[in-house]
Every structure is written in structure tokens, then in C-alpha cells.
Amino acid sequence: MIEEEINRAKSLYERHGQALTNQDGLGDLFMKYRNAITKTQEVMEQMSVVEGCTACACEGRGSCCFQGVEEWYDHVLLFMNLVLGRQIPESREVPGGCLFVGSRGCKLFARHSFCVNYLCPTLKDLIKAPHMGTLLSVSGDELFHGWELEKSIRKWFQTSQRSPRPTESPLETRGNY
Ligand code: SF4
Ligand code: SF4
């Protein structure tokens, strides 16, 4: 349940947020990830993607920010949002919408790959070919840096908490830490 994931993220942040970001290498990975997200957002804003998606999500025109997507988020991705300075919404602003969507769009900074990658047919028609290449390139960068960071965070948790759990792919271990 998303409530449990949010509570776990908050607890991890309180206990380990400071120590983790001071670790060699992790602060650098956070910076790279932050920069990559900022770049994607800039490109999306230039292409009016943010504006179009926000209107779509809030006006209930079959948005992909639908109720239930929040359940795809685990505590590590939510923890990354907290470290990056975002609060995690705990009450739904848009009826029938994702827990994290509001009148100004998505309230999260670190987002699930579906949220970064998905472009509905309407948006695909709107974005012209050369711009589409740019968008795919920056969003790919964001996902890559997010994956690197997430992998390192999970490893750090396993090491610092002396966990016997084996290191696996972040996608396979979602929910373990
Ligand atoms: S990608 Fe398409 S369906 Fe999803 S929020 Fe944006 S405009 Fe709406
Ligand atoms: S997390 Fe953000 S982008 Fe993803 S579905 Fe929810 S509101 Fe939309």
C-alpha cells in the first residue's frame, strides 16, 4: 500500500537522509540526477508537454495520471524525492487522479519510468520529429541517472544495515528496502 511506502520513505529519510547524502559518490549521483530531471522538465516545458498534461490530468480527459499509478512507487523512489526536497502528498487533490497530481501537474520530482517515458498518441502527434529526439534523449538520461542512484542507495542501505539480502537489480528488489 502506498501509505506504508510513504511512511517507510519518511522514516528512512529521518534516520539516514543526512548520512546517506554525505557518503562519497552519493552526493554526486544525486546532483547528476537532479540536473537530468531539470533538463527533462525544461525540454517538456518548451514543448508545452507540462501544460498539456496538467490540463489533461485535471480535466479528466482520460489522463495517464490516473488513480492507482501511485501504487507503482516504492519507498526508495519516494525517499529520493524527500532528499531532493519534495514533500510527498498524502491526500488526493484530483478525484480519480493519481495521488501525486495537482492543479500544477505532478508534485513529485523523482518519477517512475512510466511517468517519465509515457507519451499518449495526442502528445506524440503534437511533438514534431526533431523535438521528439531531444525529448527521448533527455528523458533517457534522467532514467539512467535515476537508476544509477537508486542502485547505489539500495546498496548503501544493505551495507549500512548489515543486511544479508543479496544485491539484485533495483527493479527486482523494489520493496525490500
Ligand atoms: S501523456 Fe497524454 S494522457 Fe498522459 S497526461 Fe499527458 S496528455 Fe494526458
Ligand atoms: S506520479 Fe506524477 S506523472 Fe506519474 S501518474 Fe502520478 S501525477 Fe502523473
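**Helix H2, the nonpolar core and two ligand shells**

Trainee: Which residues of H2 are buried in this predicted model?
Mentor: In this predicted model, a residue is taken as buried when 20 or more other C-beta atoms lie within 10 Å of its own. By that criterion the buried residues of H2 are Phe30, Tyr33, Ala36, Ile37, Thr40 and Met44.

Trainee: Within what arc do the buried residues of H2 fall, seen down its axis?
Mentor: The buried residues of H2 line one face of the helix, whereas Asp28, Glu42, Glu45 and Gln46, on the other side of H2, are exposed. What covers the buried residues includes H1, H3, H4, helix H5 (113-117) and H7. The buried residues line one face because, seen down the axis of H2, they fall within an arc of 130°.

Trainee: How far does H2 reach from its first C-alpha to its last?
Mentor: H2 has 21 residues, and at 1.5 Å a residue a span of 30 Å is expected. The computed reach is close to that expectation, and from first C-alpha to last it comes to 30 Å.

Trainee: Which helix supplies the largest share of the largest nonpolar core?
Mentor: The largest nonpolar core has 31 residues, of which Ala9, Leu77, Leu78, Phe79, Met80, Leu82 and Cys98 touch the most other members. Helix H1 (2-21), helix H2 (26-46), H3, helix H4 (75-83) and helix H7 (129-160) each supply at least two residues of this core. The largest share, 7 residues, comes from H4.

Trainee: With which residues is Leu78 in contact, leaving aside its neighbours within four places in sequence?
Mentor: Leu78 is one of the core residues that touch the most other members. Once its neighbours within four places in sequence are left aside, the contacts of Leu78 are Glu5, Ile6, Ala9, Tyr73 and Ile88.

Trainee: Which helix gives the largest share of the shell around ligand 1?
Mentor: The residues surrounding ligand 1 include Gly52, Cys53, Cys56 and Ala57, as well as Tyr118, Leu119 and Cys120. Helix H3 (49-59) and helix H6 (121-126) each supply at least two residues of this shell, which by class has 9 nonpolar, 3 polar and no charged residues. The largest share, 4 residues, comes from H3.

Trainee: How many charged residues does the shell around ligand 2 have?
Mentor: Ligand 2 is surrounded by Cys65, Val69, Cys98, Phe100, Val101, Cys106, Leu108, Arg111 and Cys115. By class this shell has 8 nonpolar and no polar residues, and the number of charged residues is 1.

Definitions and conventions. Residues numbered from 1 in each chain as written. Chains lettered and ligands numbered in written order. Predicted model: local features only at pLDDT ≥ 70, side-chain atom pairs only at ≥ 80, totals over all residues. Near = placed C-beta within 6 Å. Nonpolar A, V, L, I, M, F, W, Y, C, P; charged D, E, K, R; others polar. Core = buried A, V, L, I, M, F, W, Y, C linked by C-beta atoms within 7 Å. Buried ≥ 20, exposed ≤ 12 C-beta atoms within 10 Å, placed from the backbone. Contact = placed C-beta atoms within 7 Å. Expected span 1.5 Å × (residues − 1). Arc of directions from axis to C-beta.
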